[in-house]
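Subject: Structure handover

Hello,

Here is the structure for you to look over. My notes on what was found in it follow below.

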Amino acid sequence: MAEPSRPRPVDPAELGLETIVYEKAPPRATITLDRPDVLNAFDFRMLRELARACEDASWDDEVRVLVLTGRGRAFCVGADLRSWEQDYLGRPGEYWKWFGAFKDAHDRLRELGKPTIARINGIAVGGGNELQMACDLAVMVEDAFIRHVGLQHGSVPAGGATQWLSLMVGDRRAREIVYLCEEVPARRAAEWGLVNRAVPAAELDAVVDDWVEKLAARLPQTTRYAKQQLNFWRDLAWHETVNHARDWLALSMLGDEAQDAVRAFLSRRR
């Protein structure tokens, strides 16, 4: 394996970064979600920063592969519900702004004309699972799990789960994941096709390094064209349904049921 180049962090001031760490070590760029105190839950700012980093990687010819990971013991647990409760619940105008930021970050990650790898270093919940689903490949530590809990706090999974889970794991399993809100252990997630591999933590970086080396050796233009074709069915499922899902999520989150559920979750009551 070729000796990797030393990572060089991108100047945070250059892209206005506070909630992610963005590094380049050609041929790879790495985005690390960096809010470990809230298990890398994303707020409006993180979504905007994720979009900016993806845009930068897309235009840098030295970057051939993008790796997305999290800092600490979680990959990402989805939306920051405390931020939602403070800024968006019951405020339609602010909600549309937030969802627009989520869709923009999601689209830039999914449509990046280079292979993307989700390095799932810990649990991936809700929107965190939807972010890893937007990547081309995913490897996960075997002691972590994937879970969707939106139906427990009034949130419809509108950022990929209701569009792609059925394509990835089958209709019955998708309904099981969304309805029952139960943990899907990493090994089962790999068996079902929700991630490519589940490995011990000590092997996580070796798998990522191996994939990066192999992907970087592929012809970039041909790889881009292949990705566009592989994305075709996903794109049909996404573009035709995401606005529909957004509207249902809005109806849910603006209603009394969701507002009470979110506040109950935050105050640790049933």
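What share of the residues in the chain is buried? Of the 270 residues in the chain, 53% are buried. Please keep in mind that this is a predicted model. The secondary structure comes to 13 helices and eleven strands. Among contacts between residues at least 6 apart in sequence, 73% join residues at least 24 apart.

Strands

I begin with strand S6, residues 116–120. Five of its five residues are buried, so S6 is largely enclosed by the rest of the structure. Both of its faces are covered. On one side are Thr-116, Ala-118 and Ile-120, on the other Ile-117 and Arg-119, and all of these are buried.

S6 pairs with strand S4 (residues 65–70) in the parallel sense, through three bridges. In that pairing Leu-66 stands opposite Thr-116. S6 also pairs with S8, again parallel, over four bridges. Here Ala-118 stands opposite Ala-138 of S8.

There is also an open sheet of four strands, in the order S5-S7-S9-S10, with mixed pairing. Strands S5 (74–76) and S10 (184–185) stand at its edges; each has a single partner strand, so one side of each is left without a neighbour in the sheet. S5 is joined to strand S7 (residues 123–125) by two bridges in the parallel sense. The bridge partner of Ala-74 in S7 is Ile-123.

Cys-135

Cys-135 sits in the loop between helix H5 (127–133) and strand S8 (137–141). Is Cys-135 buried or exposed? Its relative accessible area is 4%, under the 20% limit, so Cys-135 is buried. Not counting residues up to four places away in sequence, Cys-135 touches Leu-68, Leu-109, Thr-116, Ile-117, Ala-118 and Arg-234. From Cys-135 to Glu-111 the C-alpha to C-alpha distance is 9.3 Å, with their positions 24 residues apart in sequence.

Nonpolar cores

The largest nonpolar core has 75 residues. Ile-31, Leu-68 and Leu-165 are the ones that touch the most other members. Apart from this core lies another, of six residues, among them Leu-39, Ala-74, Ile-123 and Phe-145. As for Leu-165, its contacts beyond four places in sequence are Asn-129, Met-133, His-148, Gly-160, Gly-170, Ala-174, Ile-177, Val-178 and Leu-194.

Loop between S3 and H2

Leu-39 and Asn-40 are worth a check of the backbone angles. Leu-39 lies in the loop between S3 and H2. Its phi is near 55°, a positive value in a residue other than glycine. Asn-40 is found in the loop between strand S3 (28–33) and helix H2 (44–59). Asn-40 is not a glycine either, and has a positive phi of about 60°.

How accessible is Asn-40? Its relative accessibility is 0%, so Asn-40 counts as buried. Leaving aside neighbours within four places in sequence, Asn-40 is in contact with Leu-33, Asp-34, Arg-35, Met-46, Gly-70, Arg-71, Ala-74, Phe-75, Cys-76 and Val-77.

Another backbone item is the peptide bond between Pro-26 and Pro-27, which is cis, with omega at about 20°. Pro-27 lies in the loop between strand S2 (20–25) and S3.

Largest pocket

How much space lies in the largest pocket? The value is about 950 Å³. The lining of this pocket consists of 40 residues, and those nearest its centre are Val-77, Ala-79, Leu-81, His-153 and Phe-265. The elements that give two or more residues to the lining are helix H3 (81–87), helix H4 (92–111), S7, H5, strand S9 (145–147) and helix H13 (256–266). By class, the lining has 25 nonpolar, nine polar and six charged residues.

Val-77 appears twice in these notes: it is in contact with Asn-40, and it is among the residues nearest the centre of the largest pocket. Ala-74 also recurs, as the bridge partner of Ile-123, as a contact of Asn-40 and as a member of the core of six residues.

Regards

Definitions and conventions: Residues numbered from 1 in each chain as written. Predicted model: local features only at pLDDT ≥ 70, side-chain atom pairs only at ≥ 80, totals over all residues. Heavy atoms only, no water. Pairing = 2+ DSSP bridges. Buried < 20%, exposed > 50% of the residue type's maximum accessible area, 1.4 Å probe, protein only. Contact = heavy atoms within 4.5 Å. Core = buried A, V, L, I, M, F, W, Y, C linked by side-chain atoms within 4.5 Å. 1 Å grid on protein atoms, 1.4 Å probe; cavity = no way out; pocket = protein on both sides within 12 Å on 5 of 7 lines; lining within 4 Å. Points joined across faces, edges and corners; volume = space filled by probe spheres on them. Nonpolar A, V, L, I, M, F, W, Y, C, P; charged D, E, K, R; others polar.
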